[in-house]
Amino acid sequence: MANATRPIETSSLPNDLEAFWMPFTANRAFKAKPRMIARAKDLHYFTPEGRPILDATAGLWCCNAGHNRAPIVDAIQKQAAELDFAPTFQYGHPKAFQLASRIAALAPGDLDHVFFCNSGSEAADSALKAALAYWNIKGQGQKMRLIGRERGYHGVGFGGITVGGIVPNRKFFGTLLAGADHLPHTYDREHQAFSKGEPAWGAHLADELERIVQLHDASTIAAMIVEPMAGSTGVLPAPQGYLKRLRQICDKHGLLLIFDEVITGFGRLGTAFAAERYGVTPDIITFAKGVTSGAVPMGGIIVRKEIYDTFMNGPEHAIEFFHGYTYSGHPLAAAAGLATLDLYRDEDLFARAKALEPKWADAVMSLKGTPGILDIRCVGLTAAFDMASKPDAYGLRGYKAMDYAFNEEGIMLRYTGETIAVTPPLTIEDKHIDEIVTKVKRSIQHVMQTH
Ligand SMILES: Cc1ncc(COP(=O)(O)O)c(C=O)c1O
């Protein structure tokens, strides 16, 4: 299908869009009017024609250090030339071990063992499997129930969608894993609208876990998994005190607590992990995205010492955890991860995100009062804007705002339903905050006037 007569300057444009079935995308609309990206540098993407697009979403909440940063690019290039692949089943390569130690050092408490996979979805499923196997090894294999939360997102594996609570991600895919239950989500506009940071109302919603425990009995429940800030559903910061209460209830009843930090990990909320921000130590943390600043796919879980130690029994030649991926701890991902963590440290990017948070929060909240904006939420370097829906066309304004922003304003936004979310790289400066807020405002005004 290659077209030899194609002019050189458009060589980065695919000449046929049909074959790629795009993920989480309105395929027909995209292929009729593509939003194509050819390259990136720092805070900007560039279209094939060279038009800059301010990346207000850090890609998919992953490029926390910005794009194509020289130390990360160099590390990947060197690694590809030195060792392209080595199995981590029964063999090892040094950088996977180094990276695991570096990640463990960032994690709170005694979360000091790291299992690698390649994505957030795999991380969520790995965490759930580790929790089930942990109880099994301890002779409590009847602890099989997994508890998630409405509006939660834990990727797209069967484990993740079972405990997740975003309806379209679940309803097409059968009955999912048996025995799961869900806490209510934590959003209530009446009590929380336009809260800066963690809303004051809602800690009591954690007590619903008590009710679930009463219903099923703790002896049947393995773990509770939550995002410290529910991102994909449209940025729902945890209510003040909510995560502490979940920890207390899990401790009281002997349930493992898993924080899905695929978005909140690596500085998004101004600390290495959100667990640190909230002073709550879970039993397992999942991570992905920011670990390599999005440059090479990688994910993983970090577990407490006691969990790892529980697995380390039986004959020494025997495999302790029958789980893993061909590309667990892939050399390119490990090299990218090490370079990324160096960059986070050298540029103090987590502290930078924390320092920017008040200015960010003021700036995004300044859109309160814009016609059509029903609520604004923010925490760390994230924000979401709920728009009024067009009657009988739910989701249309969200989609149109994203499309308009890309084509007319030169900015990448994310939307879910009628909510616009922005989560820029942690390297943004004050002037970018102003630019993001101005362009979000104009995009919302545009769709409210035209749709
Ligand atoms: C909290 C959370 N868990 C898991 C995932 C899934 O990650 P991936 O798309 O890498 O599978 C995401 C992705 O946004 C996420 O936000």
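In which sense, right-handed or left-handed, does α15 pass α16? Select both helices in this predicted model, α15 as residues 396-409 and α16 as residues 430-450. α15 passes α16 in a right-handed crossing.

**Stop 1: α15 and α16**

With the two helices still selected, look at their axes, which come within 9 Å and cross at roughly 125 degrees. The helices α15 and α16 are therefore oblique to each other. To see what touches, show side chains for R397, K400, A401, Y404, A405 and E409 in α15. Their partners in α16 are K439, R442, S443, I444, H446 and V447. Colour the contact of α15 with α16 by class and it divides into five nonpolar, two polar and five charged residues.

**Stop 2: the two domains**

Next, colour the chain by domain. Domain 1 takes two segments, 8-65 and 348-450, and domain 2 takes 72-346. The C-alpha centres of domain 1 and domain 2 are 26 Å apart. Where they touch, domain 1 contributes 29 residues and domain 2 contributes 30 residues.

Stay on the side of domain 1 that touches domain 2. Five elements each supply at least two residues to that side: α2 (58-61), α14 (349-365), β13 (373-379), β14 (382-387) and β17 (419-422). Select α14 for the largest share, seven residues. By class, this side of domain 1 holds 17 nonpolar, seven polar and five charged residues.

**Stop 3: α3 and α13**

Now select helix α3, residues 70-82, together with helix α13, residues 331-346. These two pack at an angle of about 155 degrees, and their axes are 8 Å apart. That angle makes α3 roughly antiparallel to α13. The crossing of α3 past α13 is right-handed.

On the α3 side, the contact is made by P71, I72, A75, I76, Q79 and A80. On the α13 side, pick P331, L332, A335, A336, L338, A339, T340, D342 and L343. The residues of this contact of α3 with α13 are 12 nonpolar, two polar and one charged.

**Stop 4: α4 against α13**

Keep α13 and replace α3 with helix α4, residues 94-106. Here the packing angle is about 40 degrees, with the axes 9 Å apart. α4 and α13 are therefore oblique to each other. Turn the view to follow the crossing of α4 and α13, which is left-handed.

In α4, the residues to show are K95, A96, Q98, L99 and R102. They meet P331, A334, A335, G337, L338 and L341 in α13. The contact of α4 with α13 consists of seven nonpolar, two polar and two charged residues.

Which residues of α13 are worth labelling at both of the last two stops? P331, A335 and L338 are among those that α13 brings to its contact with α3, and P331, A335 and L338 are also among those that meet α4.

**Stop 5: the ligand**

Finally, centre the view on the ligand and select its surroundings. How many residues surround the ligand? There are 14, and the closest are S119, G120, S121, G155 and V262. Select helix α5, residues 120-137, to pick out the largest share of the shell, three residues. Coloured by class, the shell around the ligand shows five nonpolar, seven polar and two charged residues.

Conventions: Residues numbered from 1 in each chain as written. Predicted model: local features only at pLDDT ≥ 70, side-chain atom pairs only at ≥ 80, totals over all residues. Axes fitted to C-alpha atoms, helices over the stretch in contact; angles between N-to-C directions. Helix = DSSP H or I, 4+ residues; strand = E, 2+ residues; numbered from the N terminus. Parallel < 35°, antiparallel > 145°, perpendicular 65-115°, else oblique. Left-handed = near helix turned anticlockwise from the far one by under 90°. Contact = placed C-beta atoms within 7 Å. Nonpolar A, V, L, I, M, F, W, Y, C, P; charged D, E, K, R; others polar. Domains from an automatic or database assignment. Near = placed C-beta within 6 Å.
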